[in-house]
Amino acid sequence: MSRFEVTTLVLAPPPVVFDASLSVDVHTSSMGHTAERAVAGVTSGQLALGDQVTWRARHFGLTWHLTTTISACTRPSYFVDEQVTGPFRRWHHAHTFEPANDGAATLMTDVVDFAAPLPPLGTLAEFLVLKRYLTRLILLRNAHIKDVTRLAR
């Protein structure tokens, strides 16, 4: 299993950043380069505790489906999305939102624990390709959240 953490300073208050992070529409618009779309479950609007969404996207030239659920949620400070079905042996993505600059900004932290299928080849892929690729996806999503929330302030 692999883990990585990404911390991003967003110049918007935690409730705004939290809501943007749970928006299906914001997520979809941040992943245009993968043609990612919500195709089942909650397919637009805001996700909440217990909601499921199935994503379809192209990665590495293949179309993948990943169904996640919001398994924990405490607005505006924390939520977790976890794989229900999909390509990973494990996918657990914890999101935290801490006030910064007297609440005018947010320190957003993503902690992703994941495991690729088919060990030991999958484990090798985690270290050689997947960890770097997934970190890049989170960084792209976070840059988009920064842009969207900057406009919403």
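Leu124 lies in helix α3 of this predicted model. Its relative accessible area is 47%, so Leu124 counts as partly exposed, a class that lies between the limits of 20% and 50%. Leu124 also belongs to a nonpolar surface patch. Nonpolar residues are grouped in the interior as well, in a core of 17 residues and a separate one of 14 residues.

**Nonpolar surface patch**

- The patch covers about 570 Å² and consists of Phe60, Leu62, Trp64, Leu124, Leu128 and Val129.
- Two elements, β4 (62–74) and α3 (121–152), each provide at least two of the patch residues.
- The top contributor to the patch is α3, with 3 residues.
- In soluble globular proteins, nonpolar side chains tend to be buried together.
- Leu124, by contrast, is a patch member that is partly exposed.

**Largest nonpolar core**

- The largest nonpolar core is made of 17 residues.
- Val17, Leu22, Leu47, Phe79, Phe97, Met108 and Ile145 have the most contacts inside this core.
- At least two core residues come from each of α1 (14–21), α2 (24–30) and β3 (52–59).
- Helix α1 gives the most to this core, namely 3 residues.

**Contacts of Ile145**

- Leaving aside residues up to four places away in sequence, Ile145 touches Val17, Ala20, Ser21, Val26 and Met108.
- Of these partners, Val17 and Met108 are, like Ile145, listed among the residues with the most contacts inside the largest core.

**Second core**

- A second core, separate from the largest one, holds 14 residues.
- Its members include Phe88, Val112, Tyr133 and Leu137.

Note on methods:
Residues are numbered from 1 along each chain as its sequence is written. This is a predicted model: local features need pLDDT of at least 70, side-chain atom pairs count only at pLDDT 80 or more; totals for chains, interfaces and linings use all residues. Side-chain values use heavy atoms; hydrogens and water are left out. Patches are made of residues with over 30% relative accessible area and no salt bridge: like charges are joined within 9 Å, nonpolar side chains (Val, Leu, Ile, Met, Phe, Trp, Tyr) within 5 Å. Accessible areas come from the Shrake-Rupley method with a 1.4 Å probe; for residues, only the protein chains shown count as cover. A salt bridge is a side-chain nitrogen of Lys or Arg within 4 Å of a carboxyl oxygen of Asp or Glu. Helices (H or I, at least four residues) and strands (E, at least two) are DSSP runs, numbered from the N terminus. Buried means under 20% relative accessible area, exposed over 50%, partly exposed in between (1.4 Å probe, protein chains only). A nonpolar core is a set of buried Ala, Val, Leu, Ile, Met, Phe, Trp, Tyr and Cys residues joined through side-chain atoms within 4.5 Å. Contact means heavy atoms within 4.5 Å.
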